[in-house]
Amino acid sequence: MRESKIIDFTILGSSSRSVLVECSSGEAKKLASRCGGIFKVARICGSDLQTLSKEIPLPDDSKFNWTVSGYGCSSEILESMKDAVSTALKNASLGKARFIHPETGAAEIELQLSELIKNVLSDGEGKRSKGLDIIADCSQGTVHFGFTEFTSNLSGLRERDLSRPYKDPTVTLGPRLARTLANLCALRPGSTVLDPFCGLGTILQEALMLGYNALGAEISSTEATRCRENLEWLRKRFQISPKLWSRVIRKDAFDLQTSDLPKIDAVVTEPILMPLLERNPTAGDSEKLIHETSEKYSKAFETFSRILEPGGLVSIVAPQLVDDRGKAHSFDLVTIAEAFGFRLVQPKESGVQNPCSVLTSKRKIIQRRVYLLELR
Ligand SMILES: C[S@@+](CC[C@H](N)C(=O)[O-])C[C@H]1O[C@@H](n2cnc3c(N)ncnc32)[C@H](O)[C@@H]1O
């Protein structure tokens with residue numbers, strides 16, 4: 001979201017499902033290696049099918065699977081793309097390659113990422129060789145044709161979520177969102193990230209993975225101990241550089257003082273100081289809970305303003321409650337933060353939204369919004 005000084009890229013446009021980025025292939029790999037979420041990265045060949053047919057990287061023999069993906073495109077565009085690729089494969093004597101039908105969604109047609117990796121892109125032992133995912137993206141107004149080059153590392157994210165010594169999905173966010181939050185700050189390697197409500201340390205884990213020093217504060221001594229064990233496990237399993245340090249202190253976040261801390265470059269956190277709810281609350285209860293939560297966020301921003309220097313960043317998740325009639329209730333986090341000297345970091349000319357909502361199913365009681373703010 002933030003203009004990065006460490007990777008050279010320009011965002012040309014974005015929609016809720018895709019971002020069009022101009023950069024070299026090496027920078028694209030660097031960019032993708034830092035992003036959270038579940039995504040694939042496609043190389044754009046152009047807006048005509050002839051160029052696409054010439055540029056798709058054809059495998060040596062026909063023992064591969066291929067599929068097509070469409071984002072905001074008409075079925076005619078997708079069909080003509082499929083025909084053009086089919087002809088190109090036949091012309092190259094690769095007509096026996098197997099076509100895998102994508103699934104049909106509202107505005108996109110694609111295989112689920114895990115299915116795409118397993119059935120098309122995988123070149124694992126005993127499988128058909130690495131295949132092709134040909135894409136058409138119409139979300140920027142004109143059609144762009146291309147092919148998927150690589151995807152997010154689903155197995156690494158899954159391992160950090162499920163194989164660490166302590167996990168509890170009811171209180172912690174997943175590594176995909178944690179990585180997104182830490183990455184949004186676009187800090188230089190070796191910078192220091194603080195999660196003042198660190199829980200089991202998911203955010204700290206992803207901060208270390210991105211090359212940052214990780215400092216956590218946690219009010220519960222049990223959670224603080226578990227967090228230390230999780231970080232120890234991560235350091236060994238993912239060979240984190242010994243130059244990066246990680247530390248967890250047992251402390252009430254609201255009592256943190258600059259004298260307790262090294263220089264903090266960014267606070268990255270999801271405090272969600274809300275009770276666990278089993279069902280959607282009434283509108284009245286939702287308003288009450290949101291009000292109580294907003295007061296805690298206000299206290300948190302007062303603390304952040306004390307422990308950050310001007311230019312210091314806060315990448316934070318704030319909750320939205322969905323009541324028993326499906327109506328969303330939230331508080332105005334920007335006004336709260338502004339009262340303590342923060343401003344919302346507006347990405348330049350990219351069309352990317354700040355805050356942005358994290359897509360969750362409609363039934364979720366608590367939904368999330370992600371904000372990036374800077375101390376003036
Ligand atoms: C939503 S969890 C945080 C999850 C965490 N960010 C992660 O990456 O796994 C909130 C955590 O904040 C802790 N907490 C609540 N109030 C606190 C306070 N005043 N100071 C420090 N930690 C607090 C809770 O014990 C809980 O572990």
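Start with charge: in this predicted model, the protein chain carries 50 positive and 47 negative charges, and their mean positions sit 4 Å apart. Overall, the chain folds into 10 helices and 18 strands. Its biggest nonpolar core takes in 35 residues, and a second, separate one has 21.

**Overall build**

- The radius of gyration comes out at 23 Å, which agrees with the value near 21 Å that a compact globule of 376 residues would have.
- Along the principal axes, the C-alpha atoms fill a box of roughly 70 × 50 × 40 Å.
- Of the 376 residues, 49% count as buried.
- The chain exposes about 18800 Å², and carbon and sulfur atoms supply 49% of that area.
- Take the contacts between residues at least 6 apart in sequence: 73% of them join residues at least 24 apart.

**The two cores**

- In the largest core, the residues with the most contacts inside it are Phe-301, Phe-304, Ile-316, Leu-333, Phe-342 and Leu-373.
- Six elements give two or more residues to this core: helices H9 (283-307) and H10 (333-338), plus strands E11 (213-218), E14 (313-322), E16 (342-344) and E18 (366-375).
- Helix H9 gives the most, with seven residues.
- Phe-304 is worth a click: leaving out residues up to four places away in sequence, it touches Pro-196, Phe-197, Val-267, Thr-269, Val-314, Ile-316 and Phe-342.
- The second core, separate from that one, has Cys-73, Leu-89, Phe-99 and Phe-147 among its 21 residues.

**Tyr-297 in helix H9**

- Tyr-297 lies in helix H9 and is buried, with a relative accessible area of just 1%.
- Sequence neighbours up to four places away aside, Tyr-297 touches Pro-271, Ile-272, Ile-316, Val-317, Ala-318, Pro-319, Phe-331, Leu-333 and Ile-336.
- Two of those partners, Ile-316 and Leu-333, also turn up in the list of residues with the most contacts inside the largest core.
- From Tyr-297 to Tyr-371 you cover 74 residues in sequence, and the C-alpha to C-alpha distance is 13 Å.

**Helix H7 and what follows**

- Helix H7 (residues 202-209) is mostly covered, with seven of its eight residues buried.
- The buried ones are Thr-202, Ile-203, Leu-204, Gln-205, Glu-206, Ala-207 and Leu-208.
- Next up is Leu-210, in the loop between H7 and E11; with a relative accessible area of 7%, Leu-210 is buried because that value falls under the 20% cut-off.
- Not counting neighbours within four places in sequence, Leu-210 is in contact with Arg-34, Arg-179, Ala-182 and Asn-183.
- Leu-210 and Ile-240 are 30 residues apart in sequence, with their C-alpha atoms 9.6 Å apart in space.
- Gly-211, just after H7, takes a positive phi of about 95 degrees.

**Backbone oddities**

- As background, most residues other than glycine have a negative phi, and most peptide bonds are trans.
- Ser-93 has a positive phi of about 60 degrees despite not being a glycine.
- Ser-93 lies in the loop between helix H3 (75-91) and strand E5 (98-99), and it is exposed, with a relative accessible area of 64%.
- Gln-239 is another non-glycine residue with a positive phi, near 45 degrees.
- You'll find Gln-239 in the loop between helix H8 (221-237) and strand E12 (246-250), and Gln-239 is exposed too, with a relative accessible area of 69%.
- The peptide bond joining Asn-354 and Pro-355 is cis, with omega at about 5 degrees.
- Pro-355 lies in the loop between E16 and strand E17 (356-357).

**Glu-149 in strand E9**

- Glu-149 has its place in strand E9 (residues 144-151).
- At a relative accessible area of 28%, Glu-149 is partly exposed, so it falls between the 20% and 50% cut-offs.
- Setting aside neighbours within four places in sequence, Glu-149 is in contact with Val-41, Ala-42, Arg-43 and Lys-130.
- Glu-149 and Ala-28 are 121 residues apart along the chain, while 9.9 Å separates their C-alpha atoms.

Key
Residues are numbered from 1 along each chain as its sequence is written. This is a predicted model: local features need pLDDT of at least 70, side-chain atom pairs count only at pLDDT 80 or more; totals for chains, interfaces and linings use all residues. Side-chain values use heavy atoms; hydrogens and water are left out. A nonpolar core is a set of buried Ala, Val, Leu, Ile, Met, Phe, Trp, Tyr and Cys residues joined through side-chain atoms within 4.5 Å. Buried means under 20% relative accessible area, exposed over 50%, partly exposed in between (1.4 Å probe, protein chains only). Helices (H or I, at least four residues) and strands (E, at least two) are DSSP runs, numbered from the N terminus. Contact means heavy atoms within 4.5 Å. The radius of gyration is taken over C-alpha atoms; the globule rule is 2.2 Å times the number of residues to the power 0.38. Accessible areas come from the Shrake-Rupley method with a 1.4 Å probe; for residues, only the protein chains shown count as cover. Lys and Arg count as positive and Asp and Glu as negative; His and the chain ends are not counted. The place of a charge is taken as NZ of Lys, CZ of Arg, CG of Asp or CD of Glu.
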